[in-house]
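Subject: Structure for your study

Dear colleague,

Please find below the sequence and structure that I am handing over to you. My findings follow directly after them.

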Amino acid sequence: MLLFGCHAARPSPGEEALSTPEKCPADSRIASQARAGLQELPSADVESVEESAGLVSSSKEANDSDDAADEAPSTAPRDGKAKPEGKAVDADWLAQRPASECPFGGRDRPIALPPRGTKLGVTRLEPVPLADGMDNDAPAVAATGEGLVVVAFVSRASDDTETVIVRDLESPLAEPREPRPASSGARAWNPVLAAGQDGAVWLSWCGREEADAPGDHERAVYLRRVWPEPMSDIVLVSKGSNRHCDPAMDVAPDGRVHLVWEAGDRIAWRAYSAGGEPLTAAELISEGPFDRRPAVLANEGVVHVAWDRLDPTVEPGALDPRYDVLMRSRQEPETPNGDSPWGAIVEVDARGSIQAAPALARAPDNSGVLVAYHSSCRHPLTKWWRIRLVEEDGTVRELGLFDAAGGRTPEGEQQGAEFPALVAGSDGRLAIVTRPSQGAYLHIVDSDGVRPPLDLTRHGWGARGARARATMAGDGTLLMVRRARHEAVLERFTFEQPGSGPPPFAPIGAVPDEELPFNAAWRQAAGKTRPVDPDVLGPDSPNRRIALGDVHMHSALSDGTGPADEVYARARVRGMDFAVLTDHDYIVGSRMFPSKHAEIAWVTDWFDKLDGFATLHGFEWTTPPIPRGAGHRNVYYRGDPMMPQPGSRDGYPDTASLNRVLGSQRALSAAHHTAWTGTDWENLDPSVQRHVEIVSVHGAFERKAMDDAPISPRGDHEDGLIVHGLSRGHVFGFLGGSDSHGLLWHHGLGRRKDPWDQGLTGVVVHELSRAAIWDAMHARLTYATSGAPMLLQVSVSGVVMGKEGRIGGSPHSQRERLRVEGPPIVRWSYATTTTPRYLMVIRDGEPVHREELEEGSGSGFWRDESDLSVRHVYYVRLVQGEGEAGVDVAWSSPVFVEMRSQ
């Protein structure tokens with residue numbers, strides 16, 4: 001057997017494991033391709049093809065960059081200096097990897113496959129846009145045995161109505177015919193298509209008749225035959241007070257249509273006849289507690305359903321949550337009543353990390369069912385596809401190849417390969433279509449090995465659809481649909497020669513896995529009560545505690561990685577008390593559809609119900625940088641979110657309009673990365689914008705130089721730094737959020753490999769609930785850290801962090817102000833998670849007192865004996881650790897005091 005990259009021998013019958021080399025020779029890729037009869041590509045072909053590898057011309061990119069703030073960010077470091085050689089490959093991390101595994105980079109890097117291009121025996125035809133513009137998403141595809149191709153996608157109208165549109169092609173290489181609407185109602189999402197052997201093509205989707213109402217997660221699943229024409233009537237498959245959505249569908253050889261979908265947090269199934277009549281009632285076939293992303297395969301006489309399940313019992317401290325891939329099968333009955341029990345649930349992959357988003361296909365040699373899914377098992381923090389074979393007796397075997405050994409570029413925008421779509425050809429060739437963090441890959445596997453990924457997108461930052469879908473036409477043309485940078489497209493691929501046969505499958509354990517390391521700081525902090533110091537925060541503090549969470553994260557629903565639930569699951573397993581998913585309303589050619597907002601709202605509410613964990617609804621309002629726009633704001637709701645969200649392209653294009661609508665809601669906003677995209681301080685409304693995010697993966701935005709704490713800000717909008725906002729007299733607190741998009745080193749710009757270890761917010765609450773966290777944020781009872789779960793509490797003469805007060809004089813009548821006596825006394829209480837260094841008091845933007853620290857926790861005070869007679873702003877900066885990646889900083893929210901005589 002030949003592997004692309006590392007080499008291993010095909011196991012003999014009964015052999016327990018594949019032999020693996022101790023090292024990978026430098027010329028392994030050249031040797032691999034030579035043995036496979038493939039011509040070695042010149043280096044220019046291996047690198048990204050900037051213009052020819054995507055659908056968008058440079059002029060269109062330039063036009064789009066005027067509309068978005070996060071377009072193609074520079075890969076230069078924040079300080080403008082050259083990146084140290086090898087920074088993206090962490091030596092300590094690589095040391096944990098098995099010796100048999102090749103280090104990533106170079107050898108198996110993705111190979112650009114431009115339109116009308118041929119690489120590694122695969123020819124890509126010119127992609128066909130399914131509709132013009134970014135308001136088209138979630139495409140699906142099916143092909144009949146007669147050569148007809150049907151595509152479907154969701155189109156969003158200016159009034160936020162979503163409609164499933166269907167187009168068909170006479171043959172795989174023809175042009176799409178006129179579009180036809182196929183759904184009714186205000187909402188439609190995640191369409192799927194399936195073709196029967198009788199030539200019928202079925203469409204299923206989820207939606208609702210009326211627009212979304214806040215807190216109402218109701219969705220229904222629908223079914224309709226869309227070919228041959230005319231379309232059949234719409235059939236209601238399932239509806240309930242909870243969310244019924246994300247269907248998957250397959251048609252059995254006898255014409256029965258099998259549907260599975262998410263019914264709340266369980267998986268449901270129902271069967272229909274070839275004429276569209278229901279054969280069974282809707283039936284729950286999974287046990288929970290959180291089952292999602294079903295797939296279905298209807299073979300002759302048996303139906304297989306796979307899904308992934310979150311395990312919420314994992315102890316805090318792990319890097320990644322645990323998702324398992326499960327499968328269940330049902331023998332098709334011969335009797336008309338449809339009675340047939342489902343078999344036992346089979347664990348396809350359940351090993352303690354992320355195994356999720358399964359896709360099913362028949363094994364080419366009829367040896368069982370192939371299950372493709374993404375996994376973080378062999379490469380923590382990112383995900384790559386895997387394939388397992390489930391045989392008829394339930395035995396599970398894994399692909400006997402290093403399917404996850406390469407293809408990742410840790411410094412670039414495109415990392416990992418998730419949400420696989422699986423197509424198995426009759427010649428044994430497997431085609432896997434995946435979503436890297438910022439694009440699309442095509443992977444080809446057969447008995448000759450795993451080819452390097454074929455890169456289908458132009459490199460550069462940009463939101464793409466969460467998953468692609470694929471099928472094989474009768475003539476062997478591979479068909480794929482996906483959401484590209486600006487539109488939904490149909491891709492077509494042909495092959496120069498047949499596949500060499502099915503790839504080998506080996507016993508479980510043949511491909512070595514590595515243990516996921518634990519985050520020691522979170523393991524130490526998790527489960528602690530984190531009490532409030534009454535000497536600092538007042539006499540009612542024993543009834544309060546400090547909760548820690550990440551208030552700025554992204555998923556694959558906008559421009560990040562992983563599904564929305566994975567973001568919350570990771571925050572929880574890392575020991576956080578709360579979290580907020582803040583996906584963009586619009587980002588680089590992609591607008592958030594109402595159904596995406598609705599999915600995020602449902603997931604957010606589900607995780608908020610878990611013991612010991614809370615969530616807030618939120619999103620990121622996104623405009624171009626200053627001066628073309630107002631930068632970015634995260635929005636946080638006390639209760640249910642607005643539906644639809646007040647997006648920058650949906651009637652709320654500037655800060656004033658956003659402030660007006662948020663002022664009518666119980667909502668807050670916070671500007672972030674303010675030196676990169678800038679912010680319009682002149683429009684700050686303190687009743688709405690109660691905070692600024694001081695730290696994230698983009699750096700610390702306190703000031704240009706932070707003494708000897710090396711966390712510098714990204715960007716050159718110096719007037720966007722915190723010290724400039726405070727010097728203008730604005731009153732706001734501090735938040736910290738990772739702004740994680742799931743990319744190692746944040747494509748070369750982050751100071752740490754772990755994208756989620758970049759920012760936290762501490763809040764002082766009386767209980768761990770959504771309302772209590774929001775109330776604490778509204779009161780500015782917050783502090784921020786650069787990632788470590790440090791504790792920090794600060795007050796100035798009884799005025800607690802985030803508040804306004806007076807020194808001397810009579811009581812003030814304005815809200816949030818206190819009367820205190822004497823000169824300012826700054827008090828603090830702290831706890832670090834590693835070596836403490838110092839604590840510094842900042843007054844009016846300048847350091848005025850430094851306290852060297854020897855203990856990991858403690859308290860203290862400093863009396864400001866200066867001749868003070870005006871308004872002053874105090875906050876405390878706490879520093880721990882050494883080195884650029886090892887330093888962590890915590891900042892208390894400022895205390896605003898006015899000095900008055902008696």
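I begin with a single residue, His258, which counts as buried because its relative accessibility is 0%, below the 20% cut-off for that class. Please bear in mind that the model is predicted. His258 has its place in strand β14, which covers residues 257–263. Its side chain makes two polar contacts that you can look up in the model: with the side chain of Trp269 at 3.2 Å, and with the side chain of Glu332 at 3.3 Å. Leaving aside neighbours within four places in sequence, His258 is in contact with several residues, including Met249, Asp250, Arg270, Val296 and Val303.

A second buried residue is Asp291, with a relative accessible area of 0%. Asp291 belongs to strand β17 (residues 291–299). What does the side chain of Asp291 reach at 2.7 Å? That partner is the backbone nitrogen of Gly288. In addition, a polar contact of 2.8 Å links the side chain of Asp291 with that of Arg309. Beyond its neighbours within four places in sequence, Asp291 is in contact with residues among them Glu262, Asp265, Ser286 and Trp307.

The protein as a whole has 902 residues, and 66% of them are buried. Its secondary structure comprises 12 helices and 57 strands. Of the contacts between residues at least 6 apart in sequence, 65% join residues at least 24 apart. The accessible surface amounts to about 30200 Å², and carbon and sulfur atoms account for 48% of it.

Next, the nonpolar interior. In soluble globular proteins, nonpolar side chains tend to be buried together. The largest nonpolar core in this model has 38 residues, and those with the most contacts inside it are Val164, Val166, Leu193, Leu203, Leu223, Val226 and Met249. Leu203, for instance, touches Val164, Val166, Leu193, Leu223, Val226 and Met249, among others, when residues up to four places away in sequence are not counted. Apart from this core lies another, of 35 residues, which includes Ile546, Ala831, Trp862 and Val876.

Ile825 is also worth locating. Ile825 is found in strand β51 (residues 825–831). Is Ile825 buried or exposed? At 15% relative accessibility it counts as buried, because the class takes in values under 20%. Not counting residues up to four places away in sequence, Ile825 touches Ser795, Val796, Ser797, Phe861, Trp862 and Arg863. The C-alpha atoms of Ile825 and Glu865 are separated by 9.0 Å, and these two residues are 40 apart along the chain.

Among the helices, α9 (residues 655–663) has the buried residues Thr655, Ser657, Leu658, Asn659, Val661 and Leu662. Their cover includes the strands β39 (618–622), β40 (632–637) and β41 (667–671).

Finally, how many disulfides does a search of the whole structure find? The search finds 1. This disulfide joins Cys206 to Cys245, with a sulfur-to-sulfur distance of 1.9 Å. Cys206 lies in strand β10 (residues 201–208) and Cys245 in strand β13 (residues 244–251), so the pair ties together parts that are 39 residues apart in sequence. Both Cys206 and Cys245 are buried.

Yours sincerely,
A colleague

Notes:
Residues are numbered from 1 along each chain as its sequence is written. This is a predicted model: local features need pLDDT of at least 70, side-chain atom pairs count only at pLDDT 80 or more; totals for chains, interfaces and linings use all residues. Side-chain values use heavy atoms; hydrogens and water are left out. Helices (H or I, at least four residues) and strands (E, at least two) are DSSP runs, numbered from the N terminus. Buried means under 20% relative accessible area, exposed over 50%, partly exposed in between (1.4 Å probe, protein chains only). Contact means heavy atoms within 4.5 Å. Accessible areas come from the Shrake-Rupley method with a 1.4 Å probe; for residues, only the protein chains shown count as cover. A polar contact is a pair of N or O atoms within 3.5 Å; within protein, one must be able to donate a hydrogen and the other to accept it, and residues adjacent in sequence count only if both atoms are side-chain atoms. A nonpolar core is a set of buried Ala, Val, Leu, Ile, Met, Phe, Trp, Tyr and Cys residues joined through side-chain atoms within 4.5 Å. A disulfide is a pair of cysteine sulfur atoms within 2.5 Å.
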